[in-house]
Amino acid sequence: MTFSRITGTGSYLPANVVSNDELSKIVETSNEWIVERTGIRQRHIAAEGECTSDLALHACRNALAAAGRTPEDVDLIILATSTPDMVFPSSACLLQAKLGVTKGAAFDVQAVCSGFVYALATADLFIKSGAHKCALVVGAEVFSRILDWKDRGTCVLFGDGAGAIVLEASDKPGILASELHADGRHAKILNTPGHVDRGCITGDPTLKMDGQAVFKLAVRVLEQSARSTLAGQGFAVADLDAYIAHQANVRIISFVGKKLGLAEDKCIITVDRHANTSAASIPLALDVAARDGRVKPGHLVLLQGVGGGFTWGSVLLRY
Ligand code: ACO
């Protein structure tokens with residue numbers, strides 16, 4: 001039987017770091033308010049002209065190097081993003097060309113902050129089917145481009161970045177289980193409702209959010225999905241070596257961790273340094289944890305995404 005396994009991780013953050021104090025010069029906010037409500041201390045912001053596929057390119061090169069692979073080995077690219085370079089072609093195709101990959105399939109997945117979990121679950125099925133052998137699964141975003149920089153309720157929460165993994169066919173189990181969910185009835189609590197129509201932007205091109213509704217929904221669905229994914233494989237919460245939830249907010253992650261009864265040192269937190277990078281947040285956090293030794297070969301790891309749609313889901317894996 002063929003399984004899929006992560007053989008390398010990589011990430012990339014734009015050079016420009018913006019602190020909470022710097023934000024307090026453009027909107028009425030403070031470092032204290034942002035840290036207390038979100039845990040965020042800083043975010044990276046892409047340079048003018050730096051696009052999702054550019055950030056993804058660096059992350060993929062790092063992931064390929066970690067896996068000991070070259071672009072010639074890659075036969076599938078799935079890129080999760082809600083901030084693509086253009087309407088079409090997909091950012092995955094633009095990334096493919098920048099990497100110099102010329103074979104296999106390349107496409108984008110759009111599930112906002114659950115995008116990476118959706119992309120990983122999809123790549124796992126493609127590899128298990130035998131159709132593809134070596135995939136780059138990427139989350140990359142430039143959310144700074146869709147923020148209203150006058151709205152203190154949202155602009156302090158997000159950052160730009162990219163994370164990637166190499167997922168390969170293996171006779172040893174890696175991805176053990178995944179479950180994906182969506183409930184479009186909650187589209188109103190988090191959206192970017194603008195659209196391109198005959199050369200003009202219709203609607204509002206910046207992100208809108210009902211923060212408290214998002215908070216409540218996120219905590220509820222993450223706990224439910226964690227429990228059902230673990231139980232489906234016969235594992236208990238205590239069996240987990242690391243828990244990597246979408247990095248939206250320290251309070252959401254701590255809340256879910258407490259409800260599950262997870263030891264604090266198993267919850268990987270990077271939102272303090274990266275802010276919310278949407279689809280990039282999970283592979284960014286995984287790369288940090290794999291490089292600093294908190295995620296090691298053989299570890300049981302739960303990845304969880306939640307975001308606009310509403311969408312959510314979990315991937316349980318043996319690293
Ligand atoms: N600085 C200072 N004050 C602020 C700021 C800010 N940046 N933003 C809002 N406030 C003010 C509000 O105007 C309000 O003032 P008022 O009482 O005078 O009206 C006050 O702070 C309280 O506002 P609330 O929105 O009620 O604050 P809350 O405690 O709910 O915290 C937050 C807001 C942090 C957004 C919280 O609701 C939250 O964490 N929600 C989850 C949202 C999230 O993580 N979204 C990410 C995208 S979704 C995802 O990734 C899953």
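**A walk outward from His246**

Leaving aside residues within four places of it in sequence, His246 is in contact with Cys113, Ser281, Ile282, Gln304, Gly305, Val306 and Gly307. The model in which these contacts are found is a predicted one. His246 itself sits in the loop between strand 13 (242–245) and helix 8 (250–260), and it counts as buried because 30 C-beta neighbours fall inside 10 Å, where 20 or more are needed.

One of those contacts, Cys113, leads to an annotation: the unreviewed UniProt entry lists Cys113, His246 and Asn276 under "active site". These residues span 164 residues in sequence, yet no two of their C-alpha atoms are more than 8.8 Å apart, so they gather at one spot. Asn276 belongs to the loop between helix 9 (271–274) and helix 10 (281–292), and it is buried, with 23 other C-beta atoms within 10 Å. When residues up to four places away in sequence are not counted, Asn276 touches Leu157, Phe158, Gly159, Gln247, Ala248, Val271 and Ser281; Ser281 is also among the contacts of His246.

Ala248 provides a link to the ligand, since the residues that come nearest among the 23 around the ligand are Thr29, Arg152, Gly211, Phe215 and Ala248. The elements that give two or more residues to this shell are helix 2 (31–38), helix 6, helix 7 (211–232) and strand 14 (300–307), and helix 7 supplies the largest share, with five residues. Sorted by class, the shell around the ligand holds 12 nonpolar, nine polar and two charged residues. It draws at least three residues from each of domain 1 (3–172) and domain 2 (176–318).

How, then, are these two domains arranged? The centres of domain 1 and domain 2, taken over C-alpha atoms, are separated by 14 Å, and their contact takes 45 residues from domain 1 and 44 residues from domain 2. On the side of domain 1 that touches domain 2, the elements giving two or more residues are strand 1 (3–12), strand 3 (42–45), helix 5 (115–128), strand 6 (134–142), helix 6 (152–155) and strand 7 (160–170). Helix 5 gives the most to that side, with seven residues, and the residues there divide into 22 nonpolar, 17 polar and six charged.

Helix 5 returns in the interior: in the largest nonpolar core, which has 98 residues, Ala56, Cys60, Val137, Val138 and Ile244 touch the most other members, while helix 5 gives the most residues to this core, nine. The core, too, draws at least three residues from each of domain 1 (3–172) and domain 2 (176–318). Cys60 shows some of its surroundings, touching Gly10, Leu95, Leu99, Leu136, Val138 and Ala164 once residues up to four places away in sequence are left out.

Another cysteine, Cys51, lies in the loop between strand 3 and helix 3 (52–67), and it is partly exposed because 19 other C-beta atoms lie within 10 Å, whereas 20 or more would make a residue buried. Cys51 touches Asp85 and Val142, again not counting residues up to four places away in sequence, and it is 100 residues from Asp151 in sequence and 23 Å from it in space, C-alpha to C-alpha.

Finally, the unreviewed UniProt entry places the annotation "domain: Beta-ketoacyl-[acyl-carrier-protein] synthase III N-terminal" on residues 107–184. The end C-alpha atoms of residues 107–184 lie 22 Å apart, and the span is 23% helix and 40% strand.

Note on methods: Residues numbered from 1 in each chain as written. Predicted model: local features only at pLDDT ≥ 70, side-chain atom pairs only at ≥ 80, totals over all residues. Domains from an automatic or database assignment. Contact = placed C-beta atoms within 7 Å. Helix = DSSP H or I, 4+ residues; strand = E, 2+ residues; numbered from the N terminus. Nonpolar A, V, L, I, M, F, W, Y, C, P; charged D, E, K, R; others polar. Near = placed C-beta within 6 Å. Core = buried A, V, L, I, M, F, W, Y, C linked by C-beta atoms within 7 Å. Buried ≥ 20, exposed ≤ 12 C-beta atoms within 10 Å, placed from the backbone. UniProt positions renumbered as here; feature names shortened; annotations may be inferred.
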